[in-house]
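Hi,

Here is the structure I promised to pass on. Have a look at it first, and then read my notes below.

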Amino acid sequence: IIAWVPFNESWGVPDLPNVPAQRDFVRALYHLTRTIDPTRPVIGNDGWEHLAGDLVGIHDYDADPDRLARRYASHEAIPHLFAHERYGGRVLTIDGHPYQGQPLILSEFGGIAFTPAEQREATWGYTRSESADAFATAYTRLLETVRALPIFSGYCYTQFADTYQEANGLLFADRTPKFPLDQIALATRGPKTPREIERERRDELAKKAPA
């Protein structure tokens, strides 16, 4: 699933609540992007300070899965998020642009760093795992929590691969997985449901059936 994101975390428009020209700029690029490609959703400004978009993306790097579970426990929590939570010290939507029921996406979370010991001083993450096993355990627990959060229509872990000093990828910069790919896949999507298992069984039987 691809979404266009003209602005991220108010970069380039740092004073959206107070400068009308910056708000106009975000709205204009949102509508321009939608005009150029009406087939994909557009988030005008991702992470916080939303004012135009088909989705509302939230950036939350809380390292405690239990706190995440409490914060996003039910749809009843949504009014509190918009009224009281501060992401990066900023509101989710700015005055005059209230939430209009768009799907909520946890579009940045995680940020768990894992690198060889000799690279730790030169790399960074929101939290750090000291071994591949510890990283796998932390990622698996975090994703178990996020997949179960009822208010989100989707999520995007940060990040796919290490980039320069950011060592919070699932893969190293050379695209080597930090723990086995099958374990990454299972942790990300979760165990197969009974319906998925039954569908796979029927597909296998269909392949074996005589033409």
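Let me start with a small puzzle: is Glu49 buried or exposed? Keep in mind that this is a predicted model. Glu49 has a relative accessibility of 4%, and with the cut-off for buried set at under 20%, it counts as buried.

Glu49 has a charged partner, too. Its salt bridge is with Arg90, and the closest N and O atoms are 3.2 Å apart. Arg90 sits in the loop between α3 (78-84) and β4 (104-108), while Glu49 belongs to the loop between β2 (45-46) and β3 (56-59), so the bridge ties together parts that are 41 residues apart in sequence. Unlike Glu49, which is buried, Arg90 is partly exposed, at 24% relative accessibility.

Now the overall picture. The protein has 6 helices and 7 strands, and starting from the N terminus the order is β-α-β-β-α-α-β-β-β-α-β-α-α. The C-alpha trace spans about 65 × 55 × 35 Å along its principal axes. Of the 211 residues, 42% are buried. The exposed area is about 12100 Å², with 56% of it supplied by carbon and sulfur atoms. If you take the contacts between residues at least 6 apart in sequence, 60% of them join residues at least 24 apart.

Back to the charges. In general, side chains of opposite charge can pair when their charged atoms come close. This structure holds 12 salt bridges, and some of them are joined up: Asp60, Asp62, Asp64, Arg67, Arg71 and Glu85 are linked in a network. Within that network, Arg71 meets Asp62 at 3.0 Å, N to O, and both of these residues are buried. Arg71 also forms a salt bridge with Glu85, this time at 3.9 Å. Glu85 comes from the loop between α3 and β4 and Arg71 from helix α2 (residues 65-71), so this pair connects parts that lie 14 residues apart in sequence.

The aromatics are worth a look as well. The count comes to 13 aromatic pairs. Take Phe7 and Phe25: the ring centres are 5.3 Å apart and the planes stand at 75°, so the pair is edge-to-face. Phe7 is in strand β1 (residues 7-8) and Phe25 in helix α1 (residues 20-36), and the pair links distant parts of the chain, 18 residues apart. Phe7 is buried, with a relative accessible area of 7%, whereas Phe25 is partly exposed at 42%.

Phe114 and Phe172 make another pair, with centres 6.1 Å apart and planes at 50°, so this one is tilted. Phe114 lies in the loop between β5 (112-113) and β6 (127-128), and Phe172 in the loop between β7 (152-155) and α5 (181-189), so the pair ties together parts that are 58 residues apart in sequence. At 10% relative accessibility, Phe114 counts as buried.

Phe114 and Phe172 also belong to one aromatic cluster, together with Phe109, Phe135, Tyr139, Tyr155, Tyr157 and Phe179. One member of that cluster has a charge over its ring: Lys178 lies over the face of Phe135, at 5.7 Å from the ring centre.

That's what I found; over to you.

Cheers

Terms used
Residues numbered from 1 in each chain as written. Predicted model: local features only at pLDDT ≥ 70, side-chain atom pairs only at ≥ 80, totals over all residues. Heavy atoms only, no water. Salt bridge = Lys/Arg side-chain N within 4 Å of Asp/Glu carboxyl O. Helix = DSSP H or I, 4+ residues; strand = E, 2+ residues; numbered from the N terminus. Buried < 20%, exposed > 50% of the residue type's maximum accessible area, 1.4 Å probe, protein only. Phe/Tyr/Trp six-rings, centres within 6.5 Å; stacked < 30°, edge-to-face > 60°. Lys NZ or Arg CZ within 6 Å of the ring centre and 35° of its normal. Contact = heavy atoms within 4.5 Å. Areas by Shrake-Rupley, 256 points an atom, 1.4 Å probe, with all protein chains shown as cover.
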